[in-house]
Amino acid sequence: MALLDYFFKKEKQVTTASKAKERLQIIVAHERNSRNKQPDYLPQLTEDILKVLRKYIKVSDESFSINLDKKEGDLNVLELNIELHDELNKD
Amino acid sequence: MARIIVVTSGKGGVGKTTSSAAIGLGLALKGHKVVLIDFDIGLRNLDLIMGCERRVVYDFVNVINGEATLNQALIKDKRVSSLSILPASQTRDKDALNKENVGKVLEELGKSYDFIVCDSPAGIEAGAMMALYYADEAIVTTNPEVSSVRDSDRILGMLASRSRRAELGLEPIKEHLLLTRYSPKRVEEGEMLSVEDVKDILSIPLLGVIPESQAVLKASNAGEPVILDTESDAGKAYQDVIERLLGEEVEFRFIQAEKKGILSRLFGG
């Protein structure tokens with residue numbers, strides 16, 4: 001049988017390895033994207049939040065930070081850090 | 001300054017401990033002072049692969065809790081005097097490790113060793129993060145198989161974002177790909193991802209290719225790291241890995257299937 005196989009197997013067929021590679025390339029690219037990507041709305045959201053905050057308190061750019069963190073699974077955490085200075089209490 | 005190398009993978013069962021043992025011992029055989037640390041708290045196994053399981057008195061967590069000194073916990077290898085092993089704890093206090101106390105132990109070890117090889121647990125939980133946090137280099141152990149490759153990519157993401165080097169904005173961790181359980185014959189038959197395929201997907205430099213080998217199970221049965229089996233294909237492949245880690249350029253072996261003669265190809269066998 002090996003003799004027959006030798007002559008008939010020559011036609012190229014899609015191997016499982018090439019299927020594996022193709023699937024991996026797609027999923028890995030997809031996962032890398034979602035790992036690195038900041039959502040498009042983040043800069044605008046930052047500005048809007050700052051606007052609202054500044055209606056009430058003094059916030060300098062340095063004392064404010066915003067961060068969107070991907071935790072395990074589907075959990076996303078939006079983290080806001082605002083430093084309040086003592087002098088704010090005076091007015 | 002000691003080189004801190006983490007052997008990691010994401011997926012379990014791909015050969016992290018086998019590789020840690022072989023690489024640690026191999027570096028020590030070259031005359032370097034090496035300490036192997038088992039980070040798999042609760043599931044220690046490096047001691048067994050190294051063949052020193054009956055000599056464990058104190059462990060990593062004992063040292064962290066101040067119940068033993070480093071010197072009490074370190075086990076000197078009986079084959080190579082420049083190699084020591086720091087076993088993991090078998091009890092379940094996984095939370096015993098934190099960045100601060102692990103950092104102190106590594107700093108202490110760094111004073112007297114050239115290489116600190118950290119055997120990471122599987123997964124992406126706290127233990128694995130702790131093993132990679134202080135690393136200067138990472139050996140990403142991968143099988144030529146879809147789930148292992150995907151998990152390795154995940155770990156590459158962690159190395160780039162969750163390590164000390166990433167947090168401090170230092171030069172990133174140097175990444176090495178170690179492809180294990182490789183079967184050139186199956187690659188040739190189109191049944192297994194090739195070295196090139198995996199390199200294409202993960203795009204990190206190749207450190208070594210370890211062929212699927214019966215020598216690995218024999219080595220773990222005996223508690224003798226496979227690199228000591230100098231006649232075996234896996235042993236030789238790990239020796240090449242050591243040369244490359246030490247900066248030598250070595251040609252890759254065991255990535256081509258053995259050529260069959262025309263007769264056996266025609267008539268099977």
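This passage describes a helix pair between two chains, a sheet in chain B and two loop residues with unusual backbone angles, all in a predicted model.

We may begin with the contact between the chains. Helix H2 of chain A, spanning residues 16-36, and helix H7 of chain B, spanning residues 146-161, have axes that come within 10 Å and cross at roughly 25°. Angles under 35 degrees count as roughly parallel, and H2(A) and H7(B) are therefore roughly parallel to each other. The crossing by which H2(A) passes H7(B) is right-handed. On the H2(A) side, the residues that meet H7(B) are Ala20(A), Leu24(A), Ile27(A), Val28(A), Glu31(A), Arg32(A) and Arg35(A). Their counterparts in H7(B) are Val146(B), Val149(B), Arg150(B), Asp153(B), Arg154(B) and Gly157(B). Sorted by class, this contact of H2(A) with H7(B) holds six nonpolar residues, one polar residue and six charged residues.

Turning to the sheet, chain B contains an open arrangement of eight strands with mixed pairing, in the order E3-E4-E2-E5-E1-E6-E7-E8. The edges are taken by strand E3 (75-76) and strand E8 (206-211) of chain B; each has a single partner strand, so one side of each is left without a neighbour in the sheet. Elsewhere in the order, strand E1 (residues 3-8) and strand E6 (residues 137-142) of chain B pair in the parallel sense over four bridges. Within this pair, Val7(B) stands opposite Ile139(B) in E6(B). The helix already met at the chain contact appears here again: H7(B) packs on the sheet, where it touches E1, E6 and strand E7 (174-182) of chain B. The direction of H7(B) makes about 165° with that of E6(B).

Two residues of chain B deserve a look for their backbone angles. Most residues other than glycine have a negative phi. Ser203(B), although not a glycine, has a positive phi of about 40°. Ser203(B) lies in the loop between helix H10 (195-202) and E8 of chain B. Its relative accessibility is 53%, and the cut-off for exposed is over 50%, so Ser203(B) counts as exposed.

Phe254(B) is likewise a residue other than glycine with a positive phi, here near 60°. The loop that holds Phe254(B) runs between helix H12 (233-245) and helix H13 (262-267) of chain B. With a relative accessibility of 25%, Phe254(B) counts as partly exposed.

Key: Residues numbered from 1 in each chain as written. Chains lettered and ligands numbered in written order. Predicted model: local features only at pLDDT ≥ 70, side-chain atom pairs only at ≥ 80, totals over all residues. Heavy atoms only, no water. Axes fitted to C-alpha atoms, helices over the stretch in contact; angles between N-to-C directions. Parallel < 35°, antiparallel > 145°, perpendicular 65-115°, else oblique. Left-handed = near helix turned anticlockwise from the far one by under 90°. Contact = heavy atoms within 4.5 Å. Nonpolar A, V, L, I, M, F, W, Y, C, P; charged D, E, K, R; others polar. Pairing = 2+ DSSP bridges. Buried < 20%, exposed > 50% of the residue type's maximum accessible area, 1.4 Å probe, protein only.
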